[in-house]
Amino acid sequence: MPKILIVDDSAIDRRLAGGILEKHPQFSVDYAADGSEALAHLETHAADLVVTDLQMPGLNGLELVEAIRRRWPLVPVILMTAHGSEDIAVAALEHGAASYVPKSVLARELNDTVENVLAVARADRRNERLLDCLQGLEASFILDNDAGLLPPLVDFLQDHVARMRLCDETGRIRLGIALEEALLNALYHGNLEVTGDDLQEASASLLGGGNGIVERRRHEAPYKDRRLHVRAVITPDSAQFVIRDEGPGFDPATLPDANDPANLECISGRGLMLMRTFMDEVRYNTTGNEVTLVKRCEPAPA
């Protein structure tokens, strides 16, 4: 059972987030009133994931993210952002946070975000001796419109990035989050042409296997015949991932400005913000149906 630590100096907000997660039958939830209490808790209690507020007295969310990354690099951190905390949130993402959820949509987004980050954080560690000898990898995939294929693909790519020692464990998780965002975008917005207004229904269909718009379009022309094309080139110096859908594309100039902290509150800009924060380079082709993500080797810590 995954153990989740919630950190917030507001007792009301702390219980709100906890109440959302405690409804999940597989989550065990603990609480800390500030960053210092959270670190003390982690010294004596295991945690699989930390959900923290940003603006707290004493040790704030950014400082907590940095401390957890140094001492418990296998524990991902999700931020709860409020209006006015955008600049700190961007800095926290750059310093190791795995994802974020605006408090304005906490009830709708928190459980899904926690599940996604936990799934990405679980990498398959088998065949250690053989894969440690790997010096490079080129792989190509052609996938049908089945979201169930994406987590194992992300795990596969994460594992080989780790083999090349391109980044530490936190960087590996962050890379997985960026790949997942790009793949889901290509699946939903690209091949299935699900609009922003349909995102909630798409999420419900993914989690519940229902007959929503996603399931319908998976079996309707022209959507059912489209495929996702993924190519990866991973070396000890860098990893490049090219993800192409067969949808109509879009004008990349219409994308929200990922450098504008105000877009943290915009769900449509969330995936792009995470991709550009966690990757060294993100670029689209002119027709908008192919994205290239590049991750370069991180310098070894001092």
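**A buried valine, two helices and a pair of cysteines**

Val-77 is buried, with a relative accessible area of 3%. In this predicted model, Val-77 is found in strand S4. Its surroundings are a good place to start reading the fold. Leaving aside neighbours within four places in sequence, Val-77 is in contact with Val-50, Thr-52, Val-65, Ile-68, Ala-97, Ala-98 and Ser-99. Val-117 lies 40 residues from Val-77 along the sequence, yet the two C-alpha atoms are 8.9 Å apart in space.

The whole protein can now be brought into view. Eleven helices and ten strands make up its secondary structure. Of its 302 residues, 51% count as buried. Among contacts with a separation of 6 or more, 69% join residues that are 24 or more positions apart. The protein exposes about 13900 Å², and carbon and sulfur atoms supply 50% of that area.

Helix H1 is a helpful example of how a helix can be read. It covers residues 11–22, twelve in number, and reaches 16 Å from its first C-alpha to its last, close to the 16 Å expected at 1.5 Å a residue. Within H1, the residues Arg-14, Ala-17, Gly-18, Ile-20 and Leu-21 are buried. These buried residues sit on the same side of H1, because they cover an arc of only 155° around the axis. An α-helix has 3.6 residues a turn, so residues three or four places apart point the same way. The packing partners of the buried residues of H1 are strand S1 (3–7), strand S2 (28–32), strand S3 (49–53), strand S4 (77–81) and helix H5 (106–121). Strand S4 is thus a link back to the opening of this passage, as the strand in which Val-77 is found.

Helix H2 (residues 35–44) can be read in the same manner. Its buried residues are Gly-35, Ala-38, Leu-39, His-41 and Leu-42. They cover an arc of only 160° around the axis, and therefore lie on the same side of H2. The buried residues of H2 pack against S1, S2, S3 and helix H3 (61–71). At the N-terminal end of H2, Asp-34 acts as a cap: one of its side-chain oxygens lies 3.2 Å from the backbone nitrogen of Ser-36.

Further along the chain, Gln-158 lies in helix H7 (residues 150–163). Is Gln-158 buried or exposed? Gln-158 counts as buried, because its relative accessibility is 0%. A polar atom of the Gln-158 side chain lies 3.4 Å from the backbone oxygen of Val-120. Val-120 also appears among the contacts of Gln-158 beyond four places in sequence, together with Arg-172, Ile-173, Leu-175 and Gly-176.

The cysteines complete the picture. A disulfide is a covalent bond between the sulfur atoms of two cysteines. How many disulfides does a search of the whole structure find? The search finds zero. For Cys-167, the closest cysteine sulfur is that of Cys-297, and the distance of 8.5 Å is too far for a bond, given that a disulfide needs the two sulfur atoms within 2.5 Å. Cys-297, in turn, is in no disulfide, and its nearest cysteine sulfur is that of Cys-167. The surroundings of each cysteine can be described as well. Cys-167 counts as buried because its relative accessibility is 14%, whereas Cys-297, at 36%, counts as partly exposed.

Terms used:
Residues are numbered from 1 along each chain as its sequence is written. This is a predicted model: local features need pLDDT of at least 70, side-chain atom pairs count only at pLDDT 80 or more; totals for chains, interfaces and linings use all residues. Side-chain values use heavy atoms; hydrogens and water are left out. Buried means under 20% relative accessible area, exposed over 50%, partly exposed in between (1.4 Å probe, protein chains only). Helices (H or I, at least four residues) and strands (E, at least two) are DSSP runs, numbered from the N terminus. A polar contact is a pair of N or O atoms within 3.5 Å; within protein, one must be able to donate a hydrogen and the other to accept it, and residues adjacent in sequence count only if both atoms are side-chain atoms. Contact means heavy atoms within 4.5 Å. Accessible areas come from the Shrake-Rupley method with a 1.4 Å probe; for residues, only the protein chains shown count as cover. The expected span of a helix is 1.5 Å times one less than its number of residues. The arc is that of the directions from the helix axis to the C-beta atoms.
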